[in-house]
2 protein chains.
Amino acid sequence: MIFRERTDVGEAKRMFLAGINSIDRTEVLPSRSAIGRVLSASILAPRNVPHYRRSAMDGFAVRSVDLIGASPTNPVMLQISDEIMEGTCTPVNTGDYVPDDADAVLMMEDTISIGDMIEIRAQVHPGKNVGEIGEDVRKNEIIFNKSHILRPCDIAVLASLGISEVKVYSKPVVAIIPTGNDLLPLPGSEEPAPGKTLDINSLMIGEYVEKWGGSARYCDIVPEDANLIEEAIKANLDTDMIVVSGGTSVGDRDFVPAVVEKLGRKLVHGVGLSPGKPTALGIVENVPVLCMPGYPAAGLVALFAFGKPALRKSGNIPDIPDTTVKATLSGKILSREGYVSYARVILEGNIAHPLMTAGAGILSSIAKSDGFVIIPENVEGCEERSEVDVVLIE
Amino acid sequence: MIFRERTDVGEAKRMFLAGINSIDRTEVLPSRSAIGRVLSASILAPRNVPHYRRSAMDGFAVRSVDLIGASPTNPVMLQISDEIMEGTCTPVNTGDYVPDDADAVLMMEDTISIGDMIEIRAQVHPGKNVGEIGEDVRKNEIIFNKSHILRPCDIAVLASLGISEVKVYSKPVVAIIPTGNDLLPLPGSEEPAPGKTLDINSLMIGEYVEKWGGSARYCDIVPEDANLIEEAIKANLDTDMIVVSGGTSVGDRDFVPAVVEKLGRKLVHGVGLSPGKPTALGIVENVPVLCMPGYPAAGLVALFAFGKPALRKSGNIPDIPDTTVKATLSGKILSREGYVSYARVILEGNIAHPLMTAGAGILSSIAKSDGFVIIPENVEGCEERSEVDVVLIE
């Protein structure tokens with residue numbers, strides 16, 4: 001496939017993201033259902049945590065003033081009592097309410113019980129082992145900032161504040177439009193007739209969209225007809241992003257980018273990405289349109305390189321770094337200058353074995369591999385035994 | 001809190017994991033519901049992909065023998081036909097069935113159409129642009145190994161093979177037992193009375209258990225009574241792991257490790273972990289028991305350090321590296337020699353700001369922080385401006 005145009009991956013991504021508006025739709029969810037979601041507004045603490053003066057130790061609540069001068073040679077004796085006054089102390093457990101007139105808690109281990117008296121051999125400073133009101137969270141402080149992604153530990157903090165509902169950004173809706181004359185919808189437990197192919201790309205795209213925080217809208221397979229593609233794109237302009245799979249390579253049937261150009265702005269057709277060169281990017285009525293090659297491996301790489309950051313921008317989802325591992329290559333990887341190459345590798349401990357069958361059409365090359373070695377466009381492959389970063393395929 | 005015992009974190013983890021048997025219960029799930037699950041058996045391909053000789057290009061199917069000697073000065077003319085025979089060629093699109101008698105496909109771009117004739121100026125080798133049967137996946141080859149975690153791209157491969165169900169390991173069931181006399185169950189939208197604390201640890205533990213691939217069983221709050229704790233542990237010995245929250249520090253009420261010792265084997269009580277020192281680990285009737293400090297931040301660190309690897313071993317879940325980012329410290333971090341310290345930091349670009357309020361009781365120190373700088377026991381803190389790895393809090 002020969003393209004007159006071949007845009008640098010970084011530049012193509014910048015152009016695409018620049019055309020994407022982050023959504024401002026929000027929804028209110030029970031806190032517990034909001035793990036992984038993005039806060040659309042900061043959350044203020046409605047109360048103090050702790051909401052009472054809390055003992056941090058098992059021991060005795062005391063007035064520190066009573067212990068001034070206490071030492072091993074000059075121990076102070078305090079009377080155990082339910083009430084704190086001069087010369088008394090009250091037993092408390094960790095987490096207990098510290099009586100108002102006490103200003104410190106002595107650790108059990110630092111005391112000697114003699115009947116109903118407690119012998120103390122050291123001074124204590126005011127506030128010792130007392131968790132003050134609001135020490136953990138102060139009422140009205142910002143506890144979570146806007147755009148924070150809620151984690152399980154955050155849900156626990158919300159629960160401790162009695163916050164049962166949170167406002168989050170709605171998930172970006174992504175329409176998935178498969179194109180092809182010989183595509184068959186899933187499921188396909190019977191082997192399709194020769195020349196027919198199962199539409200597995202929609203499933204793959206949709207599951208990644210959901211994984212990355214979007215909501216997938218699965219569309220019917222559209223035959224290779226510019227008018228029908230146009231109709232399908234128009235019918236999905238109520239979404240936040242459209243992914244069209246197939247119909248991007250240069251040939252007599254490669255009309256999807258042309259349809260995008262007709263309906264809106266075609267930003268890029270042909271990128272320095274391997275596999276994934278025939279990718280096209282555009283914006284139609286403010287809706288970003290990613291036209292992915294129909295070859296599953298090429299499509300998947302295009303989805304990772306462009307679809308994921310686009311979805312994140314659309315959904316106000318902060319960038320999370322990919323999970324990577326360092327490994328040593330067991331063989332040489334070849335790449336093409338001018339192309340960002342996603343080379344597939346199998347990990348075995350800290351050895352990365354390059355996969356040989358790396359054609360764009362070979363989906364199993366991705367399924368069999370653990371990760372990508374992403375080789376920049378200005379580098380010509382990686383030598384055997386070189387150390388590489390492997391981005392795990394999530 | 002003073003412990004006579006203080007086991008090294010690595011050693012404690014090894015002892016705990018050595019006592020854990022990986023579960024062998026399995027279940028059969030629809031492939032699509034099995035994303036993130038662990039295969040309990042290898043999967044063989046029930047058919048070839050592609051299951052027919054597939055054109056890799058838009059162009060013309062040819063017999064390569066007809067083009068021997070073709071060159072710009074000696075072009076070969078082929079007749080367009082539905083049938084492949086000497087001197088003919090058949091138009092094919094990408095993905096089309098390649099007629100049996102053709103052995104190569106010429107790219108459209110390498111041909112010149114003249115009426116119903118095609119002019120060709122180059123030789124072509126047999127097999128060119130033809131995807132052979134089984135090129136992607138060969139029938140009966142192992143397509144996924146036992147213990148593989150299914151990803152969205154894998155689900156697509158399964159769909160392409162017509163595999164609609166898969167056998168996976170059952171999720172390990174983790175019983176969560178909160179202990180404390182002054183604990184109140186959630187939800188708690190009303191501020192609890194002074195001295196009372198909401199049981200947020202159960203929620204936090206349970207949500208992480210689910211996130212890491214387990215199934216949480218929430219138990220009622222158990223008062224601080226050795227007999228009742230014993231009953232609660234015995235009642236949950238049908239699970240794969242028990243996490244007891246609270247009642248681990250040394251004091252007159254710290255009976256949970258003692259109960260574990262009575263019922264089975266107490267491996268460790270007191271670890272070189274900060275926060276999280278009072279953690280205890282044991283095995284009761286082959287069920288691993290993690291006794292976490294009740295302080296939320298300390299409990300969470302213990303859960304990350306011991307609960308996560310234990311759950312993974314129990315559930316046959318391969319180890320996935322933590323997501324980390326490199327950052328420069330904006331301030332010094334102090335740590336205690338002999339303790340693995342989980343210092344909490346806020347990330348701002350590639351600057352990591354140490355959180356000052358880092359007490360074990362301060363849950364908000366975790367909620368407010370983006371990650372941990374994990375400082376080994378033989379290192380005394382980190383200097384300002386040093387480069388550190390920040391493990392993101394998931």
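Q: Which elements of chain A are included in what covers the buried residues of α5(A)?
A: In this predicted model, the residues of α5(A) that are buried are Val256(A), Pro257(A), Val259(A) and Val260(A). They span an arc of only 155 degrees around the axis, which places them on the same side of α5(A). What covers these buried residues includes α4, β17, β18 (265–269), β20 (280–284) and β21 (287–292) of chain A.

Q: Why do the buried residues of helix α4 (residues 226–234) of chain A count as lying on the same side of α4(A)?
A: The buried residues of this helix are Ile229(A), Glu230(A), Ala232(A) and Ile233(A). An α-helix has 3.6 residues a turn, so residues three or four places apart point the same way. The buried residues of α4(A) are on the same side because the arc they cover around the axis is only 165 degrees.

Q: Which residues are exposed on the other side of α4(A)?
A: The buried residues of α4(A) pack against β13 (173–178), β17 (241–245) and α5 (256–263) of chain A. On the other side of the helix, the residues that are exposed are Asn227(A) and Glu231(A).

Q: At the start of α4(A), which residue has a side-chain oxygen that reaches the backbone nitrogen of Asn227(A)?
A: Asn227(A) is exposed, on the side of α4(A) away from the buried residues. At the start of the helix, the backbone nitrogen of Asn227(A) has within 2.8 Å of it a side-chain oxygen that belongs to Asp225(A).

Q: Are helix α3 (residues 201–211) and helix α6 (residues 296–314) of chain A roughly parallel or roughly antiparallel?
A: Two packed helices are described by the angle between their axes and the distance between the axes. For α3(A) and α6(A) the axes are 11 Å apart and the angle is about 30 degrees. Angles under 35 degrees count as roughly parallel. That angle therefore makes α3(A), relative to α6(A), roughly parallel.

Q: Which residues of α6(A) are met by residues of α3(A)?
A: The crossing in which α3(A) passes α6(A) is right-handed. From α3(A), the residues that take part are Asn201(A), Met204(A), Ile205(A), Tyr208(A) and Val209(A). Those they meet in α6(A) are Pro296(A), Leu300(A), Leu303(A), Phe304(A) and Leu311(A).

Q: In chain B, which residues of α6(B) are met by residues of α1(B)?
A: Helix α1(B) and helix α6 (residues 296–314) of chain B pack with their axes 10 Å apart and at an angle of about 30 degrees, and they are therefore roughly parallel to each other. The crossing of α1(B) past α6(B) is right-handed. Val9(B), Ala12(B), Lys13(B), Phe16(B), Leu17(B) and Ala18(B) of α1(B) meet, in α6(B), Ala305(B), Phe306(B), Pro309(B), Ala310(B) and Lys313(B).

Q: At what distance does the side chain of Ser22(B) reach the backbone oxygen of Lys313(B)?
A: Ser22(B) belongs to the loop between α1 (9–18) and β1 (26–30) of chain B, and its relative accessible area of 33% makes it partly exposed. Leaving aside neighbours within four places in sequence, Ser22(B) is in contact with Lys313(B), Ser314(B) and Asn316(B). The side chain of Ser22(B) reaches the backbone oxygen of Lys313(B) at 2.6 Å.

Q: Which residue has its backbone oxygen 2.7 Å from a polar atom of the side chain of Thr111(B)?
A: Thr111(B) is part of strand β8 (residues 111–114) of chain B and is buried, with a relative accessible area of 13%. Beyond its neighbours within four places in sequence, Thr111(B) is in contact with Phe60(B), Leu106(B), Ile118(B), Glu119(B) and Ile120(B). The backbone oxygen that lies 2.7 Å from a polar atom of the Thr111(B) side chain is that of Met108(B).

Q: Is Asn129(B) buried or exposed?
A: Most residues other than glycine have a negative phi, and most peptide bonds are trans. Asn129(B), in the loop between β9 (117–120) and β10 (130–131) of chain B, has a positive phi near 60 degrees. Buried means under 20% relative accessible area. At 16%, Asn129(B) is therefore buried.

Q: Which residue is joined to Pro187(A) by a cis peptide bond?
A: Pro187(A) is located in the loop between β14 (183–184) and β15 (197–198) of chain A. The cis bond has an omega of about -10 degrees, and the residue it joins to Pro187(A) is Leu186(A).

Definitions and conventions. Residues are numbered from 1 along each chain as its sequence is written. Chains are lettered from A and ligands numbered from 1 in the order in which they are written. This is a predicted model: local features need pLDDT of at least 70, side-chain atom pairs count only at pLDDT 80 or more; totals for chains, interfaces and linings use all residues. Side-chain values use heavy atoms; hydrogens and water are left out. Buried means under 20% relative accessible area, exposed over 50%, partly exposed in between (1.4 Å probe, protein chains only). Helices (H or I, at least four residues) and strands (E, at least two) are DSSP runs, numbered from the N terminus. The arc is that of the directions from the helix axis to the C-beta atoms. Contact means heavy atoms within 4.5 Å. A polar contact is a pair of N or O atoms within 3.5 Å; within protein, one must be able to donate a hydrogen and the other to accept it, and residues adjacent in sequence count only if both atoms are side-chain atoms. Axes are lines fitted to C-alpha atoms, for helices over the stretch in contact, and angles run from 0 to 180 degrees between N-to-C directions. Angles under 35 degrees count as roughly parallel, over 145 as roughly antiparallel, 65 to 115 as roughly perpendicular and the rest as oblique. A crossing is left-handed if the near helix is turned anticlockwise from the far one by less than a right angle, and right-handed if clockwise.
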